[in-house]
Amino acid sequence: MNVHKVPKPISVAESRVHALVLVAILAWMAAIGIARWQPNTFLFRDGSFYAQTNRAIATSGTLRQEPFQPSSWYDGSLPWYRNVDDAWSNLSVGTDGQWYPKHSYVMPILSTPFYLVFGPGGLLVFNLIVLALGLYAGYWLAARAVGAVPAAVATLALLATPLVPYLAYSYSHDVLCATLSVGGLALVVRGRPLAAGLLLGLALVAKVTNILVILPMLLALAPWDRRTWLRGVAGASVPLALYAAANTWMYGAPWRTSYHAILTVRDGVQQVVSYSSAFDLPLAQGLRRFFQRSGEGELWQMAAVPLIGFVGVLPLAFRRPRVAAGLTLALLAFLVGFGKYRYGGARFFMPWLVLAPIPMAALADGAARLVRGLAGAWGLVRRSRWGTVAIVVLIVGHLGGFGAAWVLHAGQSKPPASMTQDVEAIRVRVGDVPCDYLNLAHWKWECSGIDRGSDWYAGRALGTECGALGLPGLRVPPGSSGKARSVEWRPDRAFQALRIVRMPDTSRDGKGSLKAEVRAGDRLVASDEWPAGAADRRDERIEGPFPARTPVTLTVDSRPGPNPALCIEIVGIE
């Protein structure tokens with residue numbers, strides 16, 4: 001009996017290409033995270049607001065925001081906050097006046113295990129993993145539609161697009177939306193309608209505008225059989241039903257969301273407004289904006305390569321007409337929808353851009369055919385195990401994250417023993433003005449309207465700040481406008497003594513003198529003054545006892561000139 005070997009395809013084996021692409025994506029994500037890492041600098045723009053919701057979930061197990069948001073922004077006590085618009089506000093108002101996050105809580109719920117295990121840096125780890133999964137899902141769909149090698153070329157080109165590293169080093173809700181949407185579509189193609197429905201339903205809960213890519217691509221990719229659609233609808237109904245129940249509980253109706261009840265301030269008076277009015281920009285103006293430059297980063301500025309690669313839908317239409325039509329309708333829907341939106345940014349297009357390897361792969365494949373004169377079509381991709389592996393890793397990672405978080409934190413009964421450990425509970429003021437916004441991008445308390453920049457925020461020393469202190473500490477700048485800056489800590493533990501380590505911060509250019517004092521209750525326990533140019537480190541043990549909840553108050557005077565900040569750590573000794 002003759003045994004005929006199956007000839008090897010001309011292209012590299014698809015499974016190896018899948019593995020190489022996955023490794024390339026993960027390596028690129030890791031390189032971005034490692035090369036750019038500075039604590040909390042990835043929490044820019046809305047990322048800091050989403051991280052506040054992580055704080056609420058991690059510390060209180062709730063979405064309620066009253067203890068975590070700066071009330072001075074909304075209560076009219078600060079004259080420079082007489083107007084807070086719907087874009088800047090981070091709050092929505094529940095049926096009984098409760099404060100809830102304005103932004104979606106899907107991402108904070110999913111990422112809180114990373115936050116509990118790794119601290120704030122865990123949010124960056126989460127973002128990098130989610131983006132890697134989304135990019136791989138887009139590659140896999142391109143490989144399925146065109147071929148593994150052209151899909152790999154297209155994906156590598158997409159990785160070099162400015163938008164990818166920009167959003168990789170961030171904590172971005174748009175990244176999650178892209179991965180949920182495209183990951184769900186990939187599961188549809190793999191014949192997993194129930195799981196696909198679950199992810200796609202969650203994508204709609206996270207952001208309703210994801211329907212602009214989900215609907216046309218679902219019609220393009222899903223098989224036309226009743227069983228598939230019924231199972232998909234069943235899967236999607238779970239997150240959508242939970243979302244409707246949560247909306248009813250928080251806002252009084254299943255269709256009323258946080259974006260219908262945004263807390264704003266106008267002329268010092270609180271108002272509740274809806275975000276539905278934000279789609280009021282003239283379409284022609286919005287379309288022109290896509291090709292302009294801005295600090296936010298517009299579509300052509302951040303994603304020119306995928307836009308140029310979109311011409312690949314023309315050759316794709318001859319091979320996969322439904323897919324080409326779906327991609328075209330999705331792009332047109334995004335252009336019209338976000339062309340009407342008054343706020344710009346290429347990041348809103350992430351669900352479509354993660355699908356861009358499909359037309360880009362078709363373009364690369366067509367170019368390769370012309371150059372090499374190939375007559376045969378690229379082989380269709382066998383079903384890949386890598387998508388299943390990625391989902392298993394994500395599920396196991398979450399279960400492991402919750403387990404590790406429980407082990408590390410559930411049994412932790414003792415409250416923090418130092419001012420730095422308890423930085424979220426300290427109270428900062430400049431004179432009589434509360435600095436009640438914990439800016440998570442810097443992990444410091446911001447005195448909005450008074451502080452002249454991030455160098456004036458008071459809180460945890462990060463990066464090169466206070467390195468000469470020799471232990472983790474706080475960086476507390478002087479006061480402003482002739483008013484001292486005070487930091488109050490009320491530890492929940494009783495101490496027999498306090499260790500106070502302090503010195504001026506030599507990592508900045510402050511050259512003036514510095515004066516500070518520490519009181520425990522009414523008792524003056526430390527009083528220091530450093531003349532201009534001095535930077536000696538002082539370390540003392542102050543005997544107590546100091547009962548629990550004794551207020552430990554640090555005061556740093558305001559003085560003329562470029563004063564250095566104070567580096568300080570106060571540790572309780574039992």
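User: Which residue stands opposite Val552 of E16?

Analyst: Bear in mind that this is a predicted model. Strand E11 (residues 485-489) pairs with strand E16 (residues 552-556) in the antiparallel sense, over five bridges. Facing Val552 across that pairing is Trp489.

User: And on the E5 side, what is the bridge partner of Val430 in E11?

Analyst: Strand E5 (residues 427-430) runs antiparallel to E11, with four bridges joining them. In E11, Val430 is partnered by Arg485.

User: Is E11 mostly covered or mostly open, and how many of its residues are buried?

Analyst: E11 spans residues 485-489, five residues in total, and the strand is mostly covered. The number buried is four.

User: How do H1 and H5 lie relative to each other?

Analyst: The axes of helix H1 (residues 14-36) and helix H5 (residues 148-159) come within 10 Å and cross at roughly 5 degrees. Angles under 35 degrees count as roughly parallel. So H1 and H5 are roughly parallel.

User: What residues make that contact, by class?

Analyst: H1 brings Val17, Val21 and Trp28 among others, while H5's share includes Ala152, Leu156 and Leu159. Sorted by class, the contact residues come out as ten nonpolar, two polar and one charged.

User: Which helix gives the largest share of the largest nonpolar core?

Analyst: That core has 148 residues, and Met29, Tyr139 and Leu141 have the most contacts inside it. Beyond its sequence neighbours within four places, Leu141 touches residues including Val182, Leu221 and Ile358. The largest share of the core, 16 residues, comes from residues 121-145, helix H4.

Note on methods. Residues numbered from 1 in each chain as written. Predicted model: local features only at pLDDT ≥ 70, side-chain atom pairs only at ≥ 80, totals over all residues. Heavy atoms only, no water. Core = buried A, V, L, I, M, F, W, Y, C linked by side-chain atoms within 4.5 Å. Buried < 20%, exposed > 50% of the residue type's maximum accessible area, 1.4 Å probe, protein only. Helix = DSSP H or I, 4+ residues; strand = E, 2+ residues; numbered from the N terminus. Contact = heavy atoms within 4.5 Å. Axes fitted to C-alpha atoms, helices over the stretch in contact; angles between N-to-C directions. Parallel < 35°, antiparallel > 145°, perpendicular 65-115°, else oblique. Nonpolar A, V, L, I, M, F, W, Y, C, P; charged D, E, K, R; others polar. Pairing = 2+ DSSP bridges.
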